[in-house]
Amino acid sequence: MGLLDPIPPPYDPLEWATRPLPDKSRMVCRSWALQGYGTPVAVYFVYLLKVGLYVGGWIFFCGFTPGLGELGAIGQWWLDPVAFQKAIVWSLLFEVLGLGCGSGPLTGRYFPPIGGFLHFLRPGTTKLPLLRGLPLVGGATRSALDVALYAVLLISLVRALVAPQLDAALLLPLVVLVPLCGLLDRTVFLAARAEHYWVMIVVFAFASPWLAGAKVVQAALWFWAGVSKLNHHFPAVVCVMTSNSPVTRFEWIRRLVYRNYPDDLRPSRLATVMAHVGTALELSVPIVLLLGDGGVLTTVGLVMMVMLHGFILSTVPMGVPIEWNVVVLYGGFFLFGAHADASVLALADTPLLALFVGLFAVGLPLYGNLVPHRMSFLLAMRYYAGNWPYSVWLFRGDSHKKLERLRKSSKWLYDQLDMFYERKVSVGLVGKVIAFRLMHLAGRALCRLVPRAVHDPSEYEWVDGELVAGLVLGWNFGDGHLHDEQLIAAVQAQCGFEPGELRCIIVESQPLHRQTMLWRIHDAAGGELGRGEIGIAELRELQPWSFDLPAAPPRERA
């Protein structure tokens with residue numbers, strides 16, 4: 001097997017594709033449990049190279065500041081305040097270009113391996129305006145204004161990076177342009193990882209010294225990520241990550257995280273304990289570091305931080321937020337190691353900025369955990385908890401070909417993969433995405449919802465909403481709100497699906513204080529067909545392949 005060849009599943013993918021959905025689901029989930037996505041070895045080297053280029057880009061831009069940027073002397077300057085500021089600005093540029101999260105094969109993006117600027121700089125591509133229908137800014141396709149503002153944002157970011165120092169004159173355009181681009185297309189705002197990098201840049205621009213505000217933002221990233229895992233979802237995430245990790249490639253290790261492979265793929269006691277330990281670690285890191293004063297407590301907190309992010313990086317998680325984990329690690333050493341004596345209470349000296357930081361570090365995450373159907377999981381800082389909103393798009397027959405009417409930077413998934421592999425291999429890879437969805441606790445709701453959406457699943461092509469967003473919007477990263485009714489309406493307006501040709505199942509996250517999840521079923525031509533909620537207790541008893549018998553098909557609305 002070559003470096004570019006994925007691990008073949010233990011079945012013939014073309015024969016697998018003809019099986020009934022319960023059989024297909026059972027086969028592909030059992031395959032995932034022992035093989036993961038089956039990622040080719042070369043792919044890991046590509047991501048490693050990309051991290052090297054990311055770090056190299058930061059070093060390059062630091063070189064425009066006197067005293068910084070010399071690789072041989074990096075130990076003397078890497079904790080300089082300007083170096084940290086440039087790391088944040090460079091990270092925003094890296095992400096908004098589409099080079100970071102949501103890039104490459106581990107996000108279903110094969111060729112080209114990125115969307116981002118290939119999509120955002122192209123007039124006529126689909127977008128998600130914040131104010132739908134509003135003249136000039138509310139259209140569903142990208143205009144010259146969208147392209148121009150995005151280009152100005154890129155130029156402004158580069159302009160800041162090549163400057164010796166970052167002052168208000170360089171930072172204020174970024175403060176304005178990021179939300180302005182988000183107003184025209186919220187995809188761009190989320191792609192920039194604005195809840196982290198943009199908020200930090202606002203702190204740089206309006207606080208002097210800015211360390212207190214930056215510390216609050218960094219601590220919030222860890223704290224709310226931990227809070228988001230205070231549920232029953234995360235043990236299943238541990239299973240999925242362990243089965244896909246390049247460092248746990250032994251079958252006996254992967255079997256240990258399941259109750260009884262191959263018949264019971266619910267999380268084992270070991271997976272549950274691992275999940276609880278990870279959650280406790282994520283909640284403890286910000287508390288310990290905030291209490292530290294540069295002594296033993298700070299050292300303990302930094303060691304815990306390295307353990308946390310080291311584990312995440314070792315699994316090479318789907319969605320590949322690798323560079324984000326790198327900069328969070330760097331931020332921990334800079335903010336809480338080199339500047340342990342800087343008190344977060346100093347933020348009170350700038351009340352308006354304190355309110356702004358409080359909104360993004362406390363208010364929005366709290367609201368997003370309590371009312372998750374109203375807010376992106378990124379703004380709520382609910383990172384990699386398994387408790388995400390998602391959707392599945394069911395295309396009848398070859399109706400997916402109507403997507404070719406859209407202007408986009410990527411071809412249909414199989415057409416991308418067919419450039420590298422024979423169709424059997426392509427079908428095997430895309431089929432693994434079904435397992436990824438079903439093996440998470442939230443995904444098991446599909447066992448109840450697919451039969452409600454379509455009478456005969458064998459007539460439909462199952463495509464995860466994440467993959468649709470990657471094609472249609474040029475970016476995706478686990479946020480089901482990017483491929484909900486707004487995207488369905490935008491696609492329908494351009495593609496004209498007939499009733500029954502495209503059915504979408506939309507499932508929302510579980511709120512922090514409730515044990516249910518909301519769901520909706522939508523027909524692209526006929527509108528909403530049903531909605532309801534499903535209990536977490538019921539999902540915990542299901543296997544990923546526990547589909548109900550087909551129900552009567554819902555009727556399209558007039």
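This report covers the strands, core, main pocket and backbone features of a predicted model.

## Strand β5 and its neighbours

β5 (502-507) is mostly covered, with six of its six residues buried. In a regular strand, side chains alternate between the two faces of the sheet. In β5, Leu 502, Cys 504 and Ile 506 point one way. Arg 503, Ile 505 and Val 507 point the other way. Both sets are buried, the charged Arg 503 included.

β5 pairs with two strands. Six bridges join β3 to β5, and the two run antiparallel. Five bridges join β5 to β6, again antiparallel. On the β3 side, Trp 393 stands opposite Cys 504, and Tyr 390 has Val 507 as its bridge partner. On the β6 side, Ile 505 stands opposite Ile 521.

## Strand β3

β3 (390-396) is also mostly covered: six of its seven residues are buried. Besides its bridges to β5, β3 is joined by five bridges to strand β4 (residues 460-464). That pair is antiparallel too.

Trp 393 takes part in both pairings. Its partner in β4 is Val 463, while Cys 504 stands opposite in β5.

## Helix α22 against the sheet

Which residues of α22 (residues 485-495) are buried? They are Gln 486, Leu 487, Ile 488, Ala 490, Val 491, Gln 492 and Cys 495. Two glutamines are thus listed beside the nonpolar side chains.

The cover over these buried residues includes strands β3, β5 and β6 (516-523). Helices α9 (186-191) and α21 are also part of it. Just after α22, Gly 496 takes a positive phi of about 65°.

## The nonpolar core

The largest nonpolar core has 199 residues. Trp 198 and Trp 462 have the most contacts inside it.

What does Trp 462 contact, leaving aside its neighbours within four places in sequence? Its contacts include Val 392, Trp 393 and Leu 394. Ile 434, Leu 438, Leu 446 and Val 450 are also in contact with Trp 462. Leu 21 and Phe 547 complete the list.

## The largest pocket

Rolling a probe the size of a water molecule over the atoms shows where empty space is left. The largest pocket holds about 820 Å³ of space. It is lined by 46 residues, and the closest to its centre are Met 241, Pro 317, Met 318, Tyr 384 and Trp 388.

Several helices each supply at least two lining residues: α11 (211-227), α12 (234-244), α14 (269-291), α15, α16, α19 (423-439) and α21 (465-472). α14 gives the most, with six residues. By class, the lining has 31 nonpolar, 10 polar and five charged residues.

## The loop between α15 and α16

Two valines in this loop have positive phi. Val 316 lies between α15 (296-315) and α16 (322-338), and its phi is near 45°. Val 320 is in the loop between α15 and α16 as well, with a phi of about 40°. Neither Val 316 nor Val 320 is a glycine.

Are these valines buried or exposed? Val 316 has 10% relative accessibility, so it counts as buried. Val 320 has 0% and therefore counts as buried too. The cut-off for buried is under 20%. Pro 317 and Met 318 are among the residues closest to the centre of the largest pocket.

## Cis prolines

Where are the cis peptide bonds described here? One runs from Phe 111 to Pro 112, with omega near -5°. Pro 112 lies in the loop between α5 (81-96) and α6 (117-120).

Another joins Tyr 261 and Pro 262, with omega about 10°. Pro 262 is placed in the loop between β1 (258-260) and β2 (264-267).

## Gly 56 and Tyr 261

Gly 56 is found in helix α3 (residues 41-62). Its relative accessible area is 33%, so Gly 56 is partly exposed. Partly exposed lies between the 20% and 50% limits.

How far apart are Gly 56 and Tyr 261? They are 205 residues apart in sequence. In space, the C-alpha to C-alpha distance is 43 Å. Tyr 261 is the residue joined to Pro 262 by a cis peptide bond.

Note on methods: Residues are numbered from 1 along each chain as its sequence is written. This is a predicted model: local features need pLDDT of at least 70, side-chain atom pairs count only at pLDDT 80 or more; totals for chains, interfaces and linings use all residues. Side-chain values use heavy atoms; hydrogens and water are left out. Helices (H or I, at least four residues) and strands (E, at least two) are DSSP runs, numbered from the N terminus. Buried means under 20% relative accessible area, exposed over 50%, partly exposed in between (1.4 Å probe, protein chains only). A nonpolar core is a set of buried Ala, Val, Leu, Ile, Met, Phe, Trp, Tyr and Cys residues joined through side-chain atoms within 4.5 Å. Contact means heavy atoms within 4.5 Å. On a 1 Å grid over the protein atoms alone, a cavity is a set of points where a 1.4 Å probe fits but cannot get out, and a pocket is an open set with protein on both sides within 12 Å along at least five of seven lines; lining residues have an atom within 4 Å of a point. Grid points are joined across faces, edges and corners, and a volume is the space filled by probe spheres set on the points. Two strands pair if DSSP finds at least two bridges between them.
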